[in-house]
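Let's take a walk through this one together. Load it up in your viewer, and we'll go from the overall picture to a few chosen spots.

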Amino acid sequence: MALNMTSKQPTSVLFLCTANSARSLMAEALFRQFAGDDFKVASAGTEPTRPEPEALAALGTLGVETGGLHSKALDEINLNSFDYVISLCDRARTECQTLCGDQHFIAWDFPDPVVSKQADAFKKTAHELSERIKMLLLILRKKSDRPQLFDAPHEFFKILADPLRLQMILMLQHHGELCVCQFVDATGMSQPKVSRHLAQLREYGLLADRKDQRWVYYRINPALQDWMATIIKTTATYHASLIPQQIKDIDNGCV
C-alpha cells in the first residue's frame, strides 16, 4: 500500500505548572482557541488540584471556550508524545525539565494569580498568556530556512555576538518599540543595513513587528524563553553605555 506522503502530524504542545488549576489550564484553552487543526495541545500539573473558578471566568471574558477543561496529573501524560513542553512556573521548570528528552523545552515564568492580591490577577494572566501564545504560534507556523531560537538556542548567542545586532536588541530592551528611522538616526547606520539586520532578527524569531500606517515598529518577541529575556535585560542593565543617548533621550522627552 502506498504511503500518503502529504500527511502531516499536528505539532503538539504541553503546558505545565504545579496545580494545573489556573495558568496551564488557561494556556491550554487559549492555545486551542487560536491554533486550529495544525496543532494539538494539553496541560498537566505535578500536583494537580482542580480548575480555579476565577481562571475559567477570566477565559470567559475573552470569549474562550472552557468546556472539558480539567486538572490532570503529569503521570497521565506521555511526555514523549509532545514536540514542545512549556512550563509556566519556576517549580514546574525545575521538576520537569530533566524529564524532557528530545522535546523542545520552553520556560515561561508567570506569577501565580491564585496567590496574587490584585483584584484583576486572573484577567491579567489570561491577557498576557493570550499575547504570548499568539506570538509563539506565529513563530511555529512560519516557514523558514533559518533555525528558530526555540529549536537551536546556540543561535541566540551567535546573534548577541554581533555588535550591531546586540546594540539594536539593547535599544529595544530599553525603549520597548522602535521603527527603522529611529535605529538609523541613533546608530548612523544606513537604512538598508538596519532593515537587513531587523529582517534577520525577525526571521530568527527574536523580534516581532507591527505596521502602523506606513511605519513598521519592532519589539523583542514576548514569546521568547524567559532565560533569553533575562540575558537581554541583564545585559542592558550592566552595559547601558551600549544604548545610544538618542534612544535614552526619547524616554526623557528630548526628541
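First, a word on what you're looking at: this is a predicted model. Our tour picks up at Lys 72, which sits in the loop between α2 (53-61) and β3 (84-87). Is Lys 72 buried or exposed? Its relative accessible area is 10%, and since anything under 20% counts as buried, Lys 72 is buried.

So what does the side chain of Lys 72 find in there? Two backbone oxygens, for a start: the one of His 70 lies 2.9 Å from a polar atom of the Lys 72 side chain, and the one of Ser 43 lies 3.3 Å from a polar atom of that side chain. Ser 43 also turns up in the list of residues that Lys 72 touches, if you skip those up to four places away in sequence. The others in that list are Asn 20, Leu 25, Glu 28, Ala 44, Gly 45 and Pro 48.

Now zoom out for a moment. The protein chain has ten helices and seven strands. Of its 255 residues, 45% are buried. Take the contacts between residues at least 6 apart in sequence, and 69% of them join residues at least 24 apart.

Next up are two helix pairs. Start with α5 (residues 154-161) and α9 (residues 226-238), whose axes come within 11 Å and cross at roughly 15 degrees. An angle under 35 degrees counts as roughly parallel, so that is the label for α5 and α9. Their crossing is right-handed. On the α5 side, the contact is made by Phe 156, Phe 157 and Leu 160, while α9 brings Trp 227, Met 228, Ile 231 and Ile 232. Sort the residues of this contact by class and you get seven nonpolar, no polar and no charged.

The other pair is α7 (residues 180-187) and α8 (residues 191-204). Here the axes come within 9 Å and cross at roughly 120 degrees, which makes α7 oblique to α8. This crossing is right-handed too. Val 180, Phe 183, Val 184 and Thr 187 of α7 meet Gln 191, Val 194, Ser 195 and Leu 198 of α8. By class, that contact has five nonpolar, three polar and no charged residues.

Stay on α8 and move along to Gln 200, which has its place in this helix. Gln 200 has a relative accessible area of 19%; the cut-off for buried is under 20%, so Gln 200 counts as buried. Its side chain makes a polar contact with the side chain of Arg 165, at 2.3 Å. Measure along the sequence and Gln 200 is 41 residues from Ile 159, yet their C-alpha atoms are 9.6 Å apart in space.

Ile 159 leads us to our last stop, Ile 169, since the two are in contact. Ile 169 is found in helix α6 (residues 163-175), and at 1% relative accessibility it counts as buried. What else is Ile 169 in contact with, leaving aside neighbours within four places in sequence? The rest of the list reads Leu 160, Leu 201, Leu 206, Ile 220 and Ile 232. You've already met Leu 160 and Ile 232 in the contact of α5 with α9. Finally, Ile 169 and Arg 219 are 50 residues apart in sequence, with 8.6 Å between their C-alpha atoms.

Methods. Residues are numbered from 1 along each chain as its sequence is written. This is a predicted model: local features need pLDDT of at least 70, side-chain atom pairs count only at pLDDT 80 or more; totals for chains, interfaces and linings use all residues. Side-chain values use heavy atoms; hydrogens and water are left out. Helices (H or I, at least four residues) and strands (E, at least two) are DSSP runs, numbered from the N terminus. Buried means under 20% relative accessible area, exposed over 50%, partly exposed in between (1.4 Å probe, protein chains only). A polar contact is a pair of N or O atoms within 3.5 Å; within protein, one must be able to donate a hydrogen and the other to accept it, and residues adjacent in sequence count only if both atoms are side-chain atoms. Contact means heavy atoms within 4.5 Å. Axes are lines fitted to C-alpha atoms, for helices over the stretch in contact, and angles run from 0 to 180 degrees between N-to-C directions. Angles under 35 degrees count as roughly parallel, over 145 as roughly antiparallel, 65 to 115 as roughly perpendicular and the rest as oblique. A crossing is left-handed if the near helix is turned anticlockwise from the far one by less than a right angle, and right-handed if clockwise. Ala, Val, Leu, Ile, Met, Phe, Trp, Tyr, Cys and Pro count as nonpolar, Asp, Glu, Lys and Arg as charged, and the others, Gly among them, as polar.
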